[in-house]
Amino acid sequence: MRKFKGGRGRSVDLVAEARADAEWRHAHPRADAGPRARRGAAPTAARPAQTGALIGVLLVLGLVAFPIVSVAVGPASRERIEGYACAVTGCTGPGMATAGWLLITVPFLYVVTAVAFWSRLPGRARTAVAVVAAPLVLGAYLFIPGRRRDLDDLLDGPARYATATGITWAWAGLALALLALLVVAVLADTRKTVPAGSRRPVPAERGRVALPPVWAPLVAAGACLAMLGVALGRADPVPVTAELAFPERTFTVAGDTLTRTSADDRRGCAGVLDDDERLAGCVRTVRGSWTTDDSDAVVRLAAVLFPTEDAARERRGPLRSGTAQAGLDGDTADVVSTSKSWVLFVSVGHADGRAIDRADRGHLMWAASQVVYRFIGHQVGLLVAPTPKDGIGPRTP
């Protein structure tokens, strides 16, 4: 706006007028401005509160539901988890120790990672993270001992002691990881600074070092991996290989010495029977042959391992006691039995393959009994010799 006086134009300071007008508007806001702003901000402010309340409700429901679910599905779920781990690892000591370690460590590292990146996750991703966490945490909860139950009571199968070792050291890894996280957090909160050109340090300056979110999972994983190394070193060997199942070249029972002539082990059970489908679901097979100085008996044992005792009994059910192993020549006496997770096939006959007379059957089965008892003894850690009975005994008492 311009005014003219005496032929000369004089401009008015438009900037000053605009500033004064803005100050007046700020001092006299419109009547509906405040409510409108509040209405616009309410949903945004309410979202964190709603999310926090939902998480709190889920935590409370989880604390109540976990004990109930563990009682309802605990035994069957533990057996299924152990069976799957046995099938994957071959039930070896290091393999099952690693499986036990993973049962506890994976849920822990998952939760630590979720907490570290929680603020950066969108709403839908948070829901998915919580849904995935539930079965992982429940799986670990199933293997937590309580007042009236030890860890050994929760585990079963041929490698239960190795699994228990892995779980025990996994808990030690969790404790070490929590301590490491606490130490790193404290160190990140305190730092010392020394002014340039000064040789004397000044008192510690309180501050906060910005750490990336990935630091927590990395520190926790490092601590847990250290304990995995300890678990592998302390895991008991599981006799599911020929070297461990048949550690003796010779052994003597009741004056009868048996000598092992061959031994091998393999994954699966191909070739044990003419029809492999009859042993579907097997994990490993241990085989061996023995001769005896009491007679010309030749004993052949094929021990087939299954993930669980139920699976072994299920496969044993339809098999006749006289089911013979595949590929044997000559006349043999054949017996099928079970010992925990093992289905045992033992065949015995004369070295030259001739027909077995009724008078020879007793001392032939005696040699077979010695081999079976020896195998089971190494599995359970208690060597017990068979007792002659029902016409089954040594050829030369």
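This passage describes the overall make-up of a predicted protein model and then several of its local features.

The protein has 397 residues, of which 35% count as buried, and its secondary structure comes to 10 helices and 10 strands. The accessible surface amounts to about 23,600 Å², with 59% of that area belonging to carbon and sulfur atoms. Where contacts join residues at least 6 apart in sequence, 63% of them link residues that are at least 24 apart. Across the whole structure, a search finds seven salt bridges, several of which are described below.

Among the strands, β7 (residues 284-292) is mostly covered, since eight of its nine residues are buried. Strand β7 is paired with two other strands, and both pairings are antiparallel. With β6 (residues 256-267), strand β7 is joined by nine bridges, whereas with β8 (residues 297-305) the pairing extends over eight bridges. The connection between β7 and β8 is a hairpin, with four residues lying between the two strands. Arg287 can be followed across this arrangement: it is the bridge partner in β7 of Asp264, and its own bridge partner in β8 is Ala302.

Side-chain contacts between charged residues are also found in this region. Arg284 and Asp265 meet in a salt bridge, with a distance of 3.2 Å from N to O. This pair links distant parts of the chain, given that Arg284 belongs to β7 and Asp265 to β6, and the two residues are 19 apart. The two partners fall into separate classes of accessibility: Arg284, with a relative accessible area of 8%, is buried because this value lies under the 20% limit, while Asp265, at 31% relative accessibility, counts as partly exposed. A further salt bridge is formed by Arg266 and Asp264, whose closest N and O atoms are 3.7 Å apart. In this case Arg266 is partly exposed at 34% relative accessibility, and Asp264 is likewise partly exposed, with a relative accessible area of 32%. Asp264 thus has a salt-bridge partner in Arg266 as well as a bridge partner in Arg287 of strand β7.

Salt bridges occur elsewhere in the model too. In helix α9 (residues 309-316), Arg313 and Asp310 lie three residues apart, a separation of about one turn of the helix, and their side chains meet in a salt bridge at 2.3 Å from N to O. Both residues of this pair count as partly exposed, Arg313 at 44% relative accessibility and Asp310 at 39%. In addition, Asp296, Asp352 and Arg354 are linked with one another in a network of salt bridges.

The loop between β9 (333-339) and β10 (342-350) holds Ser341, a residue that is buried, with a relative accessible area of 2%. When neighbours within four places in sequence are left aside, the contacts of Ser341 include Gly157 and Pro158, together with Val304, Leu305, Phe306, Pro307 and Thr308. Glu309 and Ala312 are also among the residues in contact with Ser341.

Helical parts of the model provide further local detail. Ile81 is found in helix α2 (residues 33-89) and, at 27% relative accessibility, counts as partly exposed. Neighbours within four places in sequence being left aside, Ile81 is in contact with Leu103 and Phe143. Ile81 and Ala99 are 18 residues apart along the chain, and their C-alpha atoms are separated by 9.6 Å. Helix α6 (residues 160-189) contains Leu179, which belongs to a nonpolar patch on the surface formed with Leu176, Val183 and Leu187. Together, the four residues of this patch have about 360 Å² of accessible area.

Helix α10 (residues 358-380) permits a simple check of its length, because 23 residues at 1.5 Å a residue should span 33 Å, and the end C-alpha atoms are indeed 33 Å apart, in agreement with that expectation. Just after α10, Gly381 takes a positive phi of about 80°.

Terms used:
Residues are numbered from 1 along each chain as its sequence is written. This is a predicted model: local features need pLDDT of at least 70, side-chain atom pairs count only at pLDDT 80 or more; totals for chains, interfaces and linings use all residues. Side-chain values use heavy atoms; hydrogens and water are left out. The expected span of a helix is 1.5 Å times one less than its number of residues. Buried means under 20% relative accessible area, exposed over 50%, partly exposed in between (1.4 Å probe, protein chains only). Contact means heavy atoms within 4.5 Å. Accessible areas come from the Shrake-Rupley method with a 1.4 Å probe; for residues, only the protein chains shown count as cover. Patches are made of residues with over 30% relative accessible area and no salt bridge: like charges are joined within 9 Å, nonpolar side chains (Val, Leu, Ile, Met, Phe, Trp, Tyr) within 5 Å. Two strands pair if DSSP finds at least two bridges between them.
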